[in-house]
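Please look through the chains displayed below, and keep them in view while the following paragraphs lead from one chain to its neighbours.

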Amino acid sequence: MNRTRRVFRGAPSGRRVFRIIPGLHWLEAGSLFLLGCSAILLVGCKQEPRADLVIVNGNEPESLDPAIVTAVPDMRIAKALFEGLARLDARTDRPAPGLAERWEISPDGTTYTFYLRSNLVWSTGEPISTADVLYSWRRALSPSTASDYAGQLFYIKNAEAYYNGQLTDPSRVGIQALDSRRFQVQLDYPLAFFLDLCCYPTLAIVPRHAIEKYGDGWVTRTPLPCSGPYELVAWRLNDKVRVRKNPRYWDAARTRTELIDLLPTASPNTALNLYKTGIADVIWDKDLVPVELMDLLIKSPDFHNFSFLGTFFYRFNVTRKPLDDARVRRALALATDKEQIVRKLTFGGEKIATHYVPDGVANYQSPKAAGFDPEAARRLLAEAGFPGGRGFPALQYTFFASAGGGAKIQGKIAVELQQMWKKELGVEIGLRQIERKIFYSAQSRLDYDISASSWVGDYNDANTFLDMYVSTSGNNRTGWKNSRYDQLILEANRQADLLRRAELFRQAESLLVNEDIPIVPVYFYAGFALFNDKRVKGIFPSILDEHPLQEIWKPDRQSRVHVRQADLATRF
Amino acid sequence: MSETLASSLRQDNPGAGHLGPNQRAWRRFQRNRPALISLLFLLGLLALVGSWPVMLNVAARGGARSAAWAEHLQPDRLSNDQFRPPTLAHLCGTDVHGRDLFSRILFGAQVSLLVGFVGAGISLVIGVLWGAIAGYVGGRTDGWMMRTVDVFYSLPSIIFVIVLVTTLEGGLKRVVMAFGIGSTDLTARLLLLVIGLGAVSWLTMARIVRGQVLTLRARPFVDASRALGAGPVRILFQHIIPNTLGIIITYLMLTIPGIILYESFLSYLGLGVEPPMASWGLLIAEGADQINPLRIYWWLIVFPAVFLVSTLLALNLVGDGLRDAWDVRAD
Amino acid sequence: MYFLRRFALVVPLLVVISLASFLLVRLAPGGPFDRERKPASPEIERRLLARYHLDEPWWRQYLRFVGALGHGDLGVSLQYRNHTVNDVIAQALPVSASLGLLAFGFTMGIGLPLGFFAAARRGHWQDYAGSLSAILMVCIPAFVIAPVLIIVFAIRWRMFPVALWASPLHAVLPCVALGLYFSGRVARLLREAMLTAVKAEFITAARAQGLSETAVLLKHALPLALLPVVSYSGPLLADLLTGSFVIETIFQIPGLGAFFVNGSLNRDYTLVVGLVVVYAVLLILLNLAVDFIYVLLDPRVRYE
C-alpha cells in the first residue's frame, strides 16, 4: 500500500504505473506488441542505393502504359521508357528522329515512310522490328486497349472506321510494315502535325511479348522490356518511380545520368521542403510550386519560368439567356481586368491572354482581341437591355475546388471576377463551387452559366486548341455551334501550305475571341521548374513542359554527394 | 445497497431542500469561476458575431467617416492591400484579396458555430438515443442497432456527402425558395452541410453511450429501481442517461471541433461553404498553406486558430461546469 | 458463444457493406473517365466503359464483383489501370498499418497518462494545464501541426527527415502529428470517465476499506473509466491502420489514406469498394474486440 503510493508519486511515466496493476498487464503487453510490430514493419523497408538525380515529378502516375497515359507527369516517365518513331528535341520542342532514323513524305503529304534504325533492341535484349511498330499502333487503336487517346490515330486512313467496328480487318488500316526496317503510313489528308503525333506516347513502341504475357499489369513487372533511354527499376505507388539508364538504347552513349528517382508529390509545400533540404534536385511540375511563395521564389536564381502551352479561360453557356446574346458575352469579357488577376493572384510571370492559342506555338500567330475596356462593356450591356446591370438575371460562375495545389487558385480567381463584374457592370454573379468530377459532368451537360476552364495543348500545334470548338466536339462544352468555324478548321487541316493554314486558323480563332466570344481567355499558364542550374544541366524551357530525362545531367556529382552527406550527418 | 437505494430515491424526489434543483445548480455553477468566465466570454463572442453585420450596416448609413470605416471592413470588399500584417485599421491583417481578416473571422464564425452546434445537436439526439436503447435493451436489438452503426461507419464519408449534396441540393433549394429564407443557394448549402456532417458524426457517440449503458444497467441502483417497479423508459431517462451525462457532454465538446474541422476539408473538396463565404475551418486551412520555411503570414493562421481554440476551451469549461452543477451526488 | 455468433456475422455484414458502398459510389455524379478533356469520339468513351463492364446493369456488375471476391480478387483499379486493387492494398496497407500502430501507441501513451493525472489532481493547476493542453491538441488540426513540426524539427534543427518513407526516423514526425489530435481526445474522455467512476458505490466502499487514494484510483476506478476510451479506440484503431489523407499528403507517405480520398474523388469504383471491404473487416473485428474487452474491464457486462 505504501509502496503503491511512492511509485505513483515518484514515477509519472505511464508504463511503470501500469506495471503495478496486476489486472492490466495486457495494456503494457499490448503497447509493447504494437511497438514490436511497427519496428518489424519499418525495418522491413529495403535500403536502396541513392539515386543520382531526384525529381519531384507531380501526381502519382495513373499509368505508365504509353497507350493509356493522359496526364503530363505520367507522360514524362512513359516517354523515358518507351520511344516512338520520332522524339521531341529537348531544345526546340520539334520532332527529331527517334527509333526511325529518317522518313520520307510523299509530295501530296499523305504517305509517310519511316526507316527504322538497324540493330534496335529492347532493354532486355530482344530485337525491335517494324512488326513491333505495327503491333504497338494497332494495339493503341484496338478498342480492347481502351486508350483515351486512340483519337490521335484517327487521322490514319480507315483507322476510325476500324475503331468503330465498321471495318474488322486491321490490315486495311493505313499502316504497314514494308519489310523489317521500312514502315509506311497512309493519312486521310496532309496533316501538318503528324510527326508531332509520332513523338506522342500513344504511338510509342511497346513490347508485345511482355504485354501478352502479363496483361493489364505488364508495365509494373520488372524486368520490363523498354525501347526508350531508361528502363524501369521499381514503381511503388505514391512512393516513387525509379528508372535506370537503358544501356541498349540506340543513343545510350548520350544518356548521362545513371539512376533517377521520380517522386509523386501532391503538396507544393512538401515539394518545396524536399527541395530545400537537398533531397530533391528538381521540382518541375507547375502545380507543385507553392503559389503563396511565388513572389519570393521568382526572385531566386533556382527559379526558371518559361512559356507554356496552356490557357486559363472561362466558358459561356450560350444556350442560356441572356448569354445567348453576343453583346452580353462581350460586355462580360471586356469588364474582365486580366492584369489584376495576374498581378494579385498568380505571381509566376504569367502573361494575360487577349487571345486563346498561347504565344510560342509552332507556325502560328494569333489574332489580337480587345483588352480591358469597362466603358465599352457598360455600353454593350445597356444596348443588350441591361443598363447599369438593371434587370440582369442571377447567373452563376461555376468552378471546381480540389485539395490539390494548382486548383486552389480557381476560387481566388472566381472571387476577383465576381467583384469586377459587380464593380464595372453592376451585375451580380453568384459563385458556385462544386467537386471536380461533378464539375466536369455538369460542364459536359451544359449545366452551368459561366464556368472556369483550362486547356493544355497535347502537341505543339494550334489545332490542339482550336479543333475542340467545332460543333461535334465533346470538348466544346459551350453550346456554341458555328458552321463557318467548322468549315475553317476542316479546311485548315487539309491545307498543306503552312502559311495558308495559319491564316485559316487565325480567322477561326478570331470568331472565338473577337466576334462570337463563347469563351474568354484570361491568362496563359507559365511553366515553372525549380533547380540550381549550376548543379543540374540539361533542363530546357519547354512549351509542352516536357523535359526528356536523357538530356539531364549533373556536371559535378561529387559536390552533390558531399552536400547530401553533410545533410545526413545531422539527420541520421 | 441500502445507501444506493437511498441515493436513487433521492434522485426521484428532488427538491428536498428549500431550493429547487435548478436554483441549486445555478448557485453551484456561479461558484465555478472558470466556467462562469467562459460563459461570459461565449456570450460576448456570440453578441459580437451577431451584431457585427448590423454594426457594419448601421455604420454604412452613417456619416462619411463611419461609412468609409464600414466599407473598409466589409468581409467581401476586395482591395489591393494584400497580405497586410495587423494594424489598427485591420486588426487581424488582410488576406490575399486584401480583405479584412477580423471581419472575415466574425462572419466565418456564423457558419462554423452553426455547423458545429447543429451537427453536435444531431449527434447528441440520435447518438445518445441510439446508443442508450441498444445498450439497455441488449440482445438481438443491440446486435442489429450496432451492426447498423458499423455499416454506416464503414461507408466512405466523402462519397456519402457527395451523393447527399447532389441528390438533395436541387430539392432543398426549392424548399428554401418556397419559404423565402435568406439567400437561396447559401441557405441550401448550409443546410446540406449541417445534415451531412450531423449524419456522419453521431456514430461514435452512439458507440460510447452504448458502452456506458452496458455497464450501468448491471449496477445495483438500476436493479433497485427496477425492483421498485420503474419502467424501462423511466430507468433510461432518470437513472442511466443522467449517469452518462458527463461522458456525453465531454464527447460532445470533442465533436464540435471535429465537425468544424471536417467542414474545412469538405469545403476544400468543393462540398462545403463556397467563396466568398468563409468559415473558421476554411480560414485555418488557408492559413496552414502559409506555413512554410521561407515566409509565414503568421496572422492568417494565428488569429483564426486563436478564435477557434479560445471558443472551444470556453465551451469545454462551461461543459465541465454544467456537468458539475447538475451532478446530484455533489452535495 | 455470443462472440462466436458475432464472428459468424462478419460475412453477411461484409455483403451489406460492400453492396451499400458499391451502389453509393455509382450514385455519385461523374464517372471514372469524366475528365477535363473528352476522348476524340463518343465511341472511345463507350469502349472505355465497356472495357471495365461499366455499361452493364449494376446488379450484374455486383455479381461479377462478388464472384471475383470469392477468389480474393478485388478487381482492377479504374484510375491506376495497371494495378489491381489487391496490388494497391498490398503495397499501401503495411505502410499505413505500421504508421497507424505507432500513432496508436503514441496516442495512448500521451492521452492516458494525461487524462489520468488531470483527473487525479482535479481542480489543481495540473488539471487545468492537462485539460488545456488536451483541448489544444483537439482544436489544432494535423494540417497545422504537421507543417510546424516540419519547420522546427526537420528544417531548423535537422533532427528528422522532412518527408518520405524510408527509415524508422521517417515515421517520427508523422506519428506525432497524427497521434497528438487523438491523444487530446483520449485524455478528455479518460479524465471525464475517471471523475464519473470515482463516484460509483463500490469506489466509496473501497475507500471505506482504507485503501490509499492512489490505489483506489488505479485499481478500481481506472478499469471502469477505460470503458469509453475502449469504445472510442475500436473505430480509432481501424481509422489509424487505414491511413490518414492529410498526414500522407504532407509527409508523402505511400499509405492507404490518400487512396481512400483520391479513389472517392476520382470515382475509382473498384478501388473504393475494395478499400471499404478491407476497412470494414478491420472495423468489425476491432469492435468485436472492444465488446470483449468490456467484459474484461467490467465483469458485470452481459450481452445476452
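In this predicted model, the secondary structure of chain A comes to 19 helices and 17 strands. Chain A has 572 residues, of which 51% are buried, and when its contacts with a separation of 6 or more are considered, 67% of them join residues that lie 24 or more positions apart.

One part of chain A to look for is an open sheet of 4 strands, whose order is E4-E5-E7-E6 and whose pairing is antiparallel. Strand E4 (100-105) and strand E6 (175-177) of chain A stand at the edges, and because each has a single partner strand, one side of each is left without a neighbour in the sheet. Neighbouring strands of this sheet are turned against each other by 20° on average, direction ignored. Within the sheet, strand E5 (residues 111-116) and strand E7 (residues 182-186) of chain A are paired in the antiparallel sense over 5 bridges, and in this pairing A:Thr113 stands opposite A:Gln184 of E7(A). Helix H5 (residues 130-141) of chain A packs on the sheet, where it touches E5, E6 and E7 of chain A, and the direction of this helix makes about 160° with that of E6(A).

Next, consider a single residue in a loop. A:Ile68 is found between strand E1 (53-58) and helix H4 (72-81) of chain A; is A:Ile68 buried or exposed? A residue counts as buried if 20 or more other C-beta atoms lie within 10 Å of its own, and A:Ile68 is therefore buried, since it has 22 C-beta neighbours inside 10 Å. Leaving out residues up to four places away in sequence, A:Ile68 touches A:Ser63, A:Ser147 and C:Arg81, the last of these being a residue of chain C.

A helix that is mostly covered can be found further along chain A: helix H9 (residues 268-276) has 8 of its 9 residues buried, among them A:Pro268, A:Ala271, A:Leu272 and A:Tyr275. The cover over the buried residues of H9(A) includes E1, strand E11 (282-283) and strand E17 (519-530) of chain A, together with H7 and H11 of chain C. After H9(A) comes A:Gly278, which has a positive phi, near 80°.

The largest nonpolar core holds 377 residues, and the members that touch the most others are A:Val282 and A:Ile283. Helix H5 (residues 85-120) of chain C gives the most to this core, namely 22 residues. Apart from neighbours within four places in sequence, A:Ile283 is in contact with A:Val56, A:Ala271, A:Tyr275, A:Leu288, A:Val289, A:Ala529 and A:Leu530.

What remains is how chain C meets the other chains. Its contact with chain A takes 65 residues from chain C and 58 residues from chain A, and H5(C) gives the most to the side of chain C that touches chain A, with 14 residues. The residues on that side of chain C divide into 38 nonpolar, 15 polar and 12 charged. The contact between chain C and chain B takes 57 residues from chain C and 47 residues from chain B. Among the elements that give two or more residues to the side of chain C that touches chain B are helix H2 (10-27), helix H8 (172-197) and helix H13 (269-297) of chain C, and the residues of this side divide into 43 nonpolar, 5 polar and 9 charged.

Key
Residues are numbered from 1 along each chain as its sequence is written. Chains are lettered from A and ligands numbered from 1 in the order in which they are written. This is a predicted model: local features need pLDDT of at least 70, side-chain atom pairs count only at pLDDT 80 or more; totals for chains, interfaces and linings use all residues. Two residues are in contact if their C-beta atoms, placed from the backbone, lie within 7 Å. Ala, Val, Leu, Ile, Met, Phe, Trp, Tyr, Cys and Pro count as nonpolar, Asp, Glu, Lys and Arg as charged, and the others, Gly among them, as polar. Two strands pair if DSSP finds at least two bridges between them. Axes are lines fitted to C-alpha atoms, for helices over the stretch in contact, and angles run from 0 to 180 degrees between N-to-C directions. A residue is buried if 20 or more other C-beta atoms lie within 10 Å of its own, exposed if 12 or fewer, and partly exposed in between; C-beta atoms are placed from the backbone. A nonpolar core is a set of buried Ala, Val, Leu, Ile, Met, Phe, Trp, Tyr and Cys residues joined through C-beta atoms within 7 Å.
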